[in-house]
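Here are my notes for you to read next to the model. Have the sequence and the 3D view open, and take the points one at a time.

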Amino acid sequence: MILVLLGPPGSGKGTQAKKLVTERGWPQLSTGDMLRTAIGKGTALGLEAKSYMDRGALVPDSVVIGLIGERTSQPDCRSGFILDGFPRTIPQAEALDQMLLGRGGQVEKAVLFEIDDSELVSRLSGRRTCTKCGAMYHIQSAPPKKAGICDSCGSSLIQRDDDQVDVIAKRLVVYHQQTAPLAEFYRKQGKLTSLDASLPANDVSQALSRAISG
Ligand code: AP5
C-alpha cells in the first residue's frame with residue numbers, strides 16, 4: 001500500500017509511522033528525517049535545507065520531490081511505503097501522482113491527523129529524539145526511564161532545533177497555509193480518511209489500522 005500521513009507538526013505522524021513499519025513492514029519515508037540526515041552529513045543539500053528548516057519554512061518543492069523520487073525507486077518500496085511529511089504542498093502532491101502514474105502505481109489512502117494547534121506546542125516543545133536510533137520520547141507523556149538517555153540504545157536524547165516555541169508557531173502557520181489544502185486534494189480523489197489525533201497513541205494506532213483496512 002502507498003499511504004500518505006497528513007497532519008500538522010506534532011500530530012503524531014512519525015510516532016504512528018514507526019509503529020506501522022513494525023506491524024506491516026512498509027518502509028517509512030520521512031522527508032524531515034532525510035533532510036536532517038543530509039544536515040548531519042554536512043552535504044550541500046543539507047546546508048540549503050537547514051536555512052529553511054531553522055526558520056520553520058518549507059524546503060523548496062524541487063528538493064523534496066527529488067528526494068522522494070530517488071527513495072521510492074529503491075527495492076524496499078516495491079510493495080508499498082508510508083509517506084510521513086510528504087507531500088506538503090499541492091505541487092508536491094501533483095508531482096507524486098505523476099511519478100507514481102509513470103510506474104503504474106498510485107496513492108491508495110491519505111489519513112489526516114486532526115488536532116487543535118493548542119495541543120501541539122506542548123507536544124513539540126517536550127519532544128526528545130534519540131541521536132542514534134531515532135526513538136521518540138516526550139518529557140511528560142512518554143519520558144525515558146533515565147532523563148536524556150534512550151531506553152532502547154542508551155544514546156543521548158536531543159531536542160530538535162525547530163522545536164523551539166517561536167519556530168513551532170511559524171511551522172503551524174505554514175501548515176495551515178500550504179499543507180492543509182491537501183486534505184481537499186485527497187478528499188476529491190476519494191482517498192481521505194480523518195482520525196482524532198488528540199487521543200492517546202494506542203487509540204490513534206487503532207483508528208489508523210481501521211482507516212487503512214476500511
Ligand atoms: P518534519 O520532520 O516532517 O516535521 P513535521 O511534519 O513538522 O512533523 P513532526 O516530526 O514535528 O511531528 P509528527 O507529526 O511526526 O509528530 P511526532 O510523532 O514526532 O519536517 C521538519 C521540517 O523539514 C519542515 O518544517 C520543513 O522545513 C522540512 N520539510 C520536511 N518535509 C518537507 C516537505 N515535504 N516539503 C518541504 N519541506 C519539508 O510526535 C510529536 C510529539 O508528540 C512526540 O514527543 C510524541 O512522543 C508525542 N506524541 C505523539 N503522539 C501522541 C499522542 N497520541 N498523545 C500524546 N503525545 C503524542
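1. Start with the surface: Glu114, Asp116, Glu119 and Asp196 form a negative patch there. A patch here is built from residues with over 30% relative accessible area and no salt bridge, with like charges joined within 9 Å (or nonpolar side chains, meaning Val, Leu, Ile, Met, Phe, Trp and Tyr, within 5 Å). Asp and Glu count as negative and Lys and Arg as positive, while His and the chain ends are not counted. Each charge is placed at NZ of Lys, CZ of Arg, CG of Asp or CD of Glu. The areas come from the Shrake-Rupley method with a 1.4 Å probe, and for residues only the protein chains shown count as cover.

2. A word on where this comes from: the model is predicted, so local features need pLDDT of at least 70 and side-chain atom pairs count only at pLDDT 80 or more, whereas totals for chains, interfaces and linings use all residues. Residues are numbered from 1 along each chain as its sequence is written, and side-chain values use heavy atoms, leaving out hydrogens and water.

3. Back to one member of that patch. Glu119 lies in helix α6, residues 117-125. Helices (H or I, at least four residues) and strands (E, at least two) are DSSP runs, numbered from the N terminus. Glu119 counts as partly exposed because its relative accessibility is 33%; buried means under 20% relative accessible area, exposed means over 50%, and partly exposed is in between (1.4 Å probe, protein chains only).

4. Which strands form the open sheet, and in what order? There are 3, arranged β6-β5-β7 with antiparallel pairing. β6 (136-138) and β7 (157-158) stand at the edges with a single partner strand each, so one side of each has no neighbour in the sheet. Two strands pair if DSSP finds at least two bridges between them. For β5 (residues 127-130) and β6 there are 3 bridges, in the antiparallel sense, and Arg127 has His138 in β6 as its bridge partner.

5. While you're in β6, look at Met136, which sits in that strand. Met136 is partly exposed because its relative accessible area is 27%. Met136 and Asp151 are 15 residues apart in sequence, with their C-alpha atoms 10.0 Å apart in space.

6. How many salt bridges does the structure hold? The count is 9, where a salt bridge is a side-chain nitrogen of Lys or Arg within 4 Å of a carboxyl oxygen of Asp or Glu. One of them joins Lys50 and Asp54, at 2.8 Å from N to O. Both ends count as partly exposed: Lys50 because of its 28% relative accessibility, and Asp54 because of its 34%.

7. Two more pairs are worth finding. Arg71 and Asp76 meet at 2.7 Å, N to O, in a salt bridge; Arg71 is partly exposed at 23% relative accessibility, and Asp76 is partly exposed at 39%. Arg187 makes a salt bridge with Glu184, with the closest N and O atoms 3.0 Å apart. Arg187 and Glu184 are both in helix α8 (residues 182-188), 3 residues apart, which is about one turn of the helix.

8. Some charges link up further: Arg127, Arg160, Asp162, Asp163 and Arg171 make a network of salt bridges. You've already met Arg127 as the bridge partner of His138.

9. Is strand β1 (residues 2-6) buried or exposed? Here 5 of the 5 residues are buried, so β1 is largely enclosed by the rest of the structure. In a regular strand, side chains alternate between the two faces of the sheet. In β1 both faces are covered, with Ile2, Val4 and Leu6 buried on one side and Leu3 and Leu5 buried on the other.

10. Now for the partners of β1. It runs parallel to β3 (residues 81-84) over 4 bridges, with Val4 matched to Leu83 in β3. β1 is also joined to β4 (residues 109-114) by 4 bridges, again parallel, and Leu5 has Val111 in β4 as its bridge partner.

11. Last, check the loops. Most peptide bonds are trans. The bond from Phe86 to Pro87 is cis, with omega near -5°, and Pro87 is in the loop between β3 and α5 (90-101). Val107 lies in the loop between α5 and β4 and counts as buried because its relative accessibility is 0%.
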